[in-house]
Amino acid sequence: MNNILAIDVVLLPDETTADLAVKLSASILPPKLFALSTTDRLPHISLLHGFIREQDQAQIHEQLKITASELSRFALISSEIERYVDPNSVMWLGLKIFPTEAIRALQATVIDRVRRYLQPTGDPQ
């Protein structure tokens, strides 16, 4: 049986931007909600969610390393704070990031390079 893993390929901001996002999150959200942190709830932009076979992790990691090595710095443009309430009624806040051409191109590259490893469901096959 193949072990199936859920993955979230993310873009992490630089340290200054991440620190700002964590401070903003802590100042807006009540203490019992899921504020961002620099340890376990990192500020990020999700580029791809999906399911993969555990044995494909190394190949995916290699594809993402290649993608990262080709990446040039680019600016993130934020226009507002976005609120989301999940199905369990937990509120999440984040900065709404404008989808620039650089982000769209990066996401398209990630999807193109990882697509062949994606599984249709999270069920073992």
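## Report on a predicted model: a loop serine, two helices and a sheet

Ser37 sits in the loop that runs between helix H1 (15-28) and strand E2. The model described here is predicted. Because its relative accessibility is 14%, and buried means under 20%, Ser37 counts as buried. Its side chain reaches the backbone nitrogen of Thr39 at 3.3 Å. Not counting residues up to four places away in sequence, Ser37 touches Val22, Leu42 and Pro43.

**Helices H2 and H3**

The two helices are set side by side in the table.

| Helix | Residues | Number of residues | First to last C-alpha | Buried residues |
|---|---|---|---|---|
| H2 | 57-70 | 14 residues | 20 Å | Ile60, Gln63, Thr67 |
| H3 | 101-114 | 14 residues | 20 Å | Ile103, Leu106, Val110, Arg113, Val114 |

For H2, the reach of 20 Å is close to the 20 Å expected at 1.5 Å a residue. The buried residues of H2 are Ile60, Gln63 and Thr67. Seen down the axis of H2, these residues fall within an arc of 60°, so they line one face of the helix. The face turned away from this buried side carries Ala58, His61 and Ser69, which are exposed. Strand E2 and helix H3 are included in what covers the buried residues of H2.

For H3, the reach of 20 Å is likewise close to the 20 Å expected at 1.5 Å a residue. Its buried residues are Ile103, Leu106, Val110, Arg113 and Val114. Viewed down the axis of H3, they fall within an arc of 105°, so they line one face of the helix. On the other side of H3, Glu101 and Asp112 are exposed. The cover over the buried residues of H3 includes strand E1 (4-11), strand E2 (45-53), helix H2 (57-70), strand E4 (91-97) and strand E5 (118-119).

**Arg113**

Arg113 belongs to helix H3 and is one of the buried residues of that helix. Leaving out residues up to four places away in sequence, Arg113 touches Gln63, Ile66, Thr67 and Glu70. Gln63 and Thr67 are among the buried residues of H2. With Glu70 there is also a polar contact, in which the side chains of Arg113 and Glu70 are joined at 3.0 Å. By contrast, the C-alpha atoms of Arg113 and Ser27 are separated by 38 Å, with their positions 86 residues apart along the chain.

**The nonpolar core**

The largest nonpolar core has 13 residues, and those with the most contacts inside it are Leu47, Val110 and Val114. The elements that give two or more residues to this core are E1, E2 and H3. Val110 and Val114 are both among the buried residues of H3. Apart from neighbours within four places in sequence, Val114 is in contact with Ile7, Leu48, Ile60 and Leu64. Of these contacts, Ile60 is one of the buried residues of H2.

**The sheet**

Three strands form an open sheet in the order E1-E2-E5, and the pairing is antiparallel. E1 and E5 are the edge strands, since each pairs on one side only. E2 and E5 run antiparallel and are joined by two bridges. Within this part of the model, Phe51 stands opposite Gln119 in E5. Strands E1, E2 and E5 are also included in the cover over the buried residues of H3.

Technical notes:
Residues are numbered from 1 along each chain as its sequence is written. This is a predicted model: local features need pLDDT of at least 70, side-chain atom pairs count only at pLDDT 80 or more; totals for chains, interfaces and linings use all residues. Side-chain values use heavy atoms; hydrogens and water are left out. Helices (H or I, at least four residues) and strands (E, at least two) are DSSP runs, numbered from the N terminus. The expected span of a helix is 1.5 Å times one less than its number of residues. Buried means under 20% relative accessible area, exposed over 50%, partly exposed in between (1.4 Å probe, protein chains only). The arc is that of the directions from the helix axis to the C-beta atoms. Contact means heavy atoms within 4.5 Å. A polar contact is a pair of N or O atoms within 3.5 Å; within protein, one must be able to donate a hydrogen and the other to accept it, and residues adjacent in sequence count only if both atoms are side-chain atoms. A nonpolar core is a set of buried Ala, Val, Leu, Ile, Met, Phe, Trp, Tyr and Cys residues joined through side-chain atoms within 4.5 Å. Two strands pair if DSSP finds at least two bridges between them.
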